[in-house]
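The following exercises concern the architecture of a protein complex. Each task is followed by a solution in steps.

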Amino acid sequence: MAKQLPKRDLENVGLGVTGACVALVTLVVAALIFMVAQKGLSAFIKDDVSVVEFFTGTKWDLANTAENGLPYTGALPLIVTSFAVMVLSTLIALPIAIGSAIFAVEIQPKFGSKVFQPLIELLTGIPSVVFGLIGFHVVVGFMKSVFHVSTGLGILPGAIVLAVMILPTMTTLSVDGLRAVPDSYRQGSLALGYTRWQTIWHVVLKSAMPSLMTAIILGMTRAFGETLAVRMVIGGIEAMPTSLLSPASTITTTLTTSMAVYAEGSAQDDVLWALGLLLLGMSLIFILIIHLIGRKGAKTRG
Amino acid sequence: MASTRIHIDEARLGRVQRQDRIATGVLTSIVAIVMLIVVSMVAYILFEDISTLFQPGFLTQPARANGTQGGVLYQLFDSFYLLLITLVISVPISLGGAVFLVEYAPDGPIRDIASTAIETLSSLPSIVVGMFGFLVFSVQLGWKYSIISGAVALTMFNIPILVRVIQQALEDVPQAQRDACLAMGLTRWEATLHILIPEAMPAIVTGIVLSAGRVFGEAAALLFTSGMSSPVRLNFLSFNLSSPTCAWNVFRPGESLAVHIYKIYGEGSPEAQQIVWGTAALLMICVLLFNVVARIVGKQLARKMTAE
Amino acid sequence: MLDQAYSRRQFLGLAGGLASIVGLGLVGCGGSNVANTAAEGSAAAAESVSGEVTYDGASSFQALVEAAAEKFMDANPDVSVSGSGNGSGKGLTAVAAGTVTIGNSDVFAETKLEADQVKNLVDHEVAVVGMGPVVSKNVTVDDLSLEQLKGIFSGQITNWKEVGGGDAKIVVLNRKAGSGTRATFEAAVFGDEAVDFKGDAELDKSGDVQTQMGSTDNAISYLDFSHFDDSKFNAIKVEGVEPKSTNVADDSFKIWATEHMYCAKDADEATKAFLEFMLSDDVQGKLVEEQGFIPVSAMKVVKDASGKVSAK
C-alpha cells in the first residue's frame with residue numbers, strides 16, 4: 001500500500017464498479033425485452049401472421065400449413081389453458097395459504113416461526129421437475145382411479161401440481177404481510193371486546209389486504225410461467241380444452257416441446273417467439289399490478 | 001325485561017365464541033394438511049428409491065443408453081460445475097449491483113430503472129430466459145449447447161434473487177454504522193468494503209447458499225442452453241481446457257440432475273424408473289444440504305464476528 | 001483486523017470474478033479455433049482422431065448411435081460423442097443451424113427443411129426400421145387394415161367395437177409434431193392427406209409411449225420395432241402382415257423408415273470419422289441387427305424422399 005489513491009478517486013472507482021454492475025444487468029434486461037419483442041413481432045410483420053388469428057384462432061398446428069401457406073397459428077387454446085391452469089391453481093392454493101398464514105401468525109406464532117415456516121421454505125427449495133415427477137406418478141394415478149379417465153393427464157392434475165408449487169410463495173408472503181400489521185391494532189380490537197376470530201377477520205386481514213394481494217399475484221406469476229412440472233402432467237394436446245380433465249397444452253409447455261424444432265427465422269419459429277413475447281408481456285403486467293397495489297396500499301395507510 | 005336482554009347477549013356471545021372455535025379448528029386442520037403434504041412429499045422422494053443411491057455404480061458411473069442405464073456421475077458433476085460457474089459470475093455482479101442500489105443511489109430515476117429491470121428479470125418465466133439464452137449464447141455467439149451457455153442463463157435467473165438478498169442484508173446494517181464511518185472521513189466505498197459488507201456477510205453468505213439451492217434444481221432455462229446430454233466419457237484429470245473430453249471444459253455440453261430427470265421421467269423400464277427416483281432423491285438431498293449449510297454457515301459467521 | 005481481512009478478500013473476490021467473466025468471454029470467442037487446431041495437431045501426430053461429435057434428433061434409433069459411439073470411443077479415446085433424442089425435427093434444425101454436428105432423422109431432410117438448407121447437408125443412411133401400431137394388453141384386436149388405422153388416427157373411428165374389438169372408447173396416444181416416427185407412420189397411413197387429429201396425448205419420446213401404453217387401457221399408438229415390449233403392450237398386424245424385419249425387407253409390411261444421419265458438408269474430422277464408422281462393417285455387420293434394426297444392405301427395396309418405394 002505504498003501509494004494510496006486520493007479519496008475522491010477511490011470514491012469514483014467504487015461508483016464506477018458498482019454502477020457498471022447495475023448498468024450490465026439493466027442492459028441485459030433491455031436486450032432481452034428488445035430481442036424477444038423483435039423476434040416475436042416479426043411473426044406478425046415479416047411472416048404476415050394475423051394478430052387477430054393469433055389471439056382468437058382455435059387451431060394451433062405448426063406441422064401443417066393452411067391454404068395461405070402459413071402454419072395454423074391460433075394460440076387461443078394455449079392462452080385459455082394457461083389462464084385456466086393459473087386461475088384454478090390459485091383458487092386451490094389461496095385459502096390454504098392464507099389460512100395457514102393466519103394460523104402461523106395469529107394462533108400459534110411460536111409454532112409458526114419455529115416449525116411451520118422452515119417447513120414451508122423447504123417446499124420452496126424443491127425443484128420443479130421433482131414436483132412434476134410426483135405429479136406424474138401420484139396425481140395422475142389418482143385422476144385415473146377417481147375419474148376413470150384414460151390417461152389421467154390434463155388441466156386438473158396440472159393445476160393441482162401448480163397449487164402445491166405456488167403454496168410456499170403465497171404462504172411466506174402472506175405470513176410477512178400479517179406480521180407487518182401493528183400489534184396495537186389487535187390489542188385495540190381485543191380491548192373493544194371482539195373475539196380473536198373477529199379481530200383477525202375484520203381488522204388484521206383488512207389492513208394486510210395489499211400485501212395479501214401481492215402474495216396472490218406473485219403466486220399467479222409463478223403459476224403462469226411454470227413449465228416442466230406442468231408439461232409432465234398436462235398431456236400436451238394443443239387444442240381447445242373441453243373439460244378440466246381433457247389433455248391440453250399451455251403456452252410454456254408448447255414452447256418446451258416445439259422450440260428449436262423449426263429452423264430459425266421460419267414462420268413457425270417466429271410464432272413461437274410471439275408466444276414468448278406473450279409470456280414476457282404477461283409478467284410485465286403482473287409487475288405493474290403489484291406496483292399499483294403497493295401504491296394504493298401506501299395511499300390508504302398514510 | 002332485564003333478564004331477556006342478558007339472555008340475548010349470552011346467545012350472541014355463545015355464537016361468537018363458537019365461530020371463534022370453528023375458525024381455529026378449520027385453520028388448524030389446514031395447517032395440518034399442509035404439513036402432511038410437505039412431509040409426505042419429502043418422505044416419498046427420499047424413500048421411494050433411496051436404496052438406488054447405494055447401489056454400486058449409481059454415483060460413480062456415467063449414464064448409458066440415453067440415461068436409462070448406468071449412473072448419474074456426470075450429471076452430478078455437471079450440476080455442481082454449472083452452479084460454481086453461475087456463482088462465480090453472478091455473485092460479484094449482484095454484490096456490485098446491490099451496493100450501488102443501497103449506498104450510491106438511494107433515490108431517483110436511476111434507482112427506479114435499475115430496480116424495475118431487476119424485478120422484471122425476477123418475474124420472467126425461466127423458459128423465456130432459456131429461449132433468450134439459446135438465441136444469444138448458443139446460436140449467435142456460437143457457444144452451442146455448452147456449460148457456459150447454461151451458466152450464463154442461470155446467472156440471469158440468479159441475479160435478481162441475489163441482489164434482493166444482498167440489498168436486504170446491507171439495509172439491515174444500522175444507519176449509525178454508516179454515519180460513524182463517514183464521520184471518520186472514510187469514503188462511502190471504503191465504508192462499504194471495510195465495514196458494511198463484512199457486517200452483512202453472514203446474511204449475504206446465507207442468501208448465496210440458499211439461492212444456490214434454487215439454481216441447482218432449475219431445468220427449464222437449461223434445456224436449450226446447456227442441452228440434454230453429457231459427453232459419454234469425461235476425463236477429470238485432464239486440464240486441457242479445449243479438449244472435448246476434459247471435464248472442466250466449459251464449452252462442452254452438460255446436463256444437470258434436474259434436466260436428467262425431465263429427460264427420462266417417461267422411460268418405462270424398471271431400471272430407468274429406478275434411476276429417475278434415485279436422481280430425484282439425490283437432487284432433494286443436495287437441496288436440503290444447501291438449506292442446512294446456509295443456516296449453519298450463517299450462524300457460524302455471525303458468532304465469529306460478534307465474538308470479535 | 002478481521003474486518004480488514006474480510007474486506008480485502010472480498011475485494012479480491014470481486015476483482016477475480018470480474019476478471020473471470022472477461023476471461024470466459026475471450027475464451028468464448030476463441031474456443032472453436034483452439035479446438036480445431038488441437039484436432040488437426042493430434043490427427044497429424046497419430047492415426048486416431050480427436051474432437052467433439054454432438055448429435056440430436058430421432059429417439060427411435062438413438063440406442064444404436066449410442067452403442068456405436070461406445071465402440072468408436074474405445075478406438076478413439078480423444079473423441080467425445082454425446083447427444084440426445086429430441087425428435088427428428090429438432091435434430092435436422094440443429095444440424096442445419098450448427099448447434100450439433102450430426103442430425104439424426106427418421107425422415108428425409110427435404111421433408112423438414114428448406115431446399116437451400118438441405119443443400120449443405122450430407123446424408124448417411126445407417127439402418128432401416130419398421131414401425132407398427134401397438135395396442136394395450138386389454139385390447140383383443142390383433143390386425144388392422146391401413147384404412148382402419150386411418151379412421152382411428154383421424155378420429156373417425158372412436159370405439160374398438162367398430163374394428164372388431166370390445167365396446168370401449170379408443171384412446172389415441174400420438175407422438176409430438178416433429179417426431180420422425182409420427183411422420184413415417186402418418187406418411188404410410190395417410191399418404192399426402194393432412195391430418196389434424198391430435199388424440200388423447202402427444203408424447204415427447206418413444207420411451208414415453210412405452211410407459212403410457214403399459215399403464216393405459218384401450219389405447220393405441222405406434223412405435224418402431226426396437227421399442228416393442230411384449231410385457232407391456234401388443235404389437236399388431238397391419239393388413240394381415242406381421243410386424244417383422246423380414247417383412248419390411250421386401251416391403252410387404254408397409255410402415256418403415258430409413259434412419260438418416262446428416263452432417264454438414266464441411267464437417268470436422270471427428271464427425272466424418274464417426275459417420276464412416278457407422279457405415280463400416282463393424283456397425284452394419286452385427287450391431288445394427290443386435291439393436292433391433294435392419295441393415296440397409298438387407299433391404300430389397302429403397303424409398304426416396306417423396307416416399308416412393310422401388311426395387312433395388
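**Exercise 1. Determine which residue of β2(C) stands opposite C:Thr54, and describe the setting of that strand.**

Solution. C:Thr54 stands opposite C:Ser82 in β2(C). The model is a predicted one, in which local features need pLDDT of at least 70, side-chain atom pairs count only at pLDDT 80 or more, and totals for chains, interfaces and linings use all residues. Residues are numbered from 1 along each chain as its sequence is written, while chains are lettered from A and ligands numbered from 1 in the order in which they are written.

Step 1: pairing. Strand β1 (residues 51–57) of chain C runs parallel to β2(C), and six bridges join the two. Strands pair if DSSP finds at least two bridges between them; helices (H or I, at least four residues) and strands (E, at least two) are DSSP runs numbered from the N terminus.

Step 2: connection. Together with helix α2 (residues 62–75) of chain C, β1(C) and β2(C) form a right-handed β-α-β unit. Right-handed means that, with the strands pointing away from the viewer, the path from the first strand over the helix to the second runs clockwise.

Step 3: burial. Strand β2 (residues 79–84) of chain C is largely enclosed by the rest of the structure, because six of its six residues are buried. A residue is buried if 20 or more other C-beta atoms lie within 10 Å of its own, exposed if 12 or fewer, and partly exposed in between, with C-beta atoms placed from the backbone.

Step 4: the two faces. In a regular strand the side chains alternate between the two faces of the sheet. In β2(C), C:Val79, C:Val81 and C:Gly83 point one way, C:Ser80, C:Ser82 and C:Ser84 the other, and all are buried.

**Exercise 2. State how chain C is divided into domains, and characterise the contact between them.**

Solution. Step 1: bounds. An automatic or database domain assignment supplies the limits: domain 1 of chain C covers 49–128 + 256–306, and domain 2 covers 130–249.

Step 2: contact. The centres of these two domains, taken over C-alpha atoms, are 26 Å apart. In all, 23 residues of domain 1 of chain C are in contact with 17 residues of domain 2 of chain C, contact meaning that C-beta atoms, placed from the backbone, lie within 7 Å.

Step 3: contributors. On the domain 1 side of this interface in chain C, α3 (88–97) and β11 (256–264) each supply at least two residues. The largest share, three residues, comes from α3(C).

Step 4: composition. That side of domain 1 of chain C has 10 nonpolar, 10 polar and three charged residues. Here Ala, Val, Leu, Ile, Met, Phe, Trp, Tyr, Cys and Pro count as nonpolar, Asp, Glu, Lys and Arg as charged, and the others, Gly among them, as polar.

**Exercise 3. Describe the domain contact in chain B.**

Solution. Step 1: chain B is assigned domain 1 (2–48) and domain 2 (51–307), with centres 41 Å apart over C-alpha atoms.

Step 2: four residues of domain 1 of chain B are in contact with four residues of domain 2 of chain B. The domain 1 side of chain B comprises three nonpolar, no polar and one charged residue.

**Exercise 4. Which element of chain A gives the most residues to the side that touches chain B?**

Solution. Step 1: the interface joins 62 residues of chain A to 66 residues of chain B.

Step 2: helix α1 (residues 7–45) of chain A gives the most to the chain A side, with 20 residues. By class, that side divides into 41 nonpolar, 17 polar and four charged residues.

Step 3: for context, chain A has 12 helices and two strands, and buried residues make up 52% of its 302 residues.

**Exercise 5. Locate A:His148 and C:Glu239, and compare buried or exposed status.**

Solution. Step 1: most residues other than glycine have a negative phi, and most peptide bonds are trans. A:His148 has a positive phi of about 55°, and C:Glu239 also has a positive phi of about 55°.

Step 2: A:His148 lies in the loop between α5 (128–147) and α6 (155–179) of chain A. With 10 other C-beta atoms within 10 Å, A:His148 is exposed.

Step 3: C:Glu239 lies in the loop between β10 (237–238) and α8 (245–249) of chain C. C:Glu239 counts as partly exposed, with 14 C-beta neighbours inside 10 Å.

Terms used: Two residues are in contact if their C-beta atoms, placed from the backbone, lie within 7 Å.
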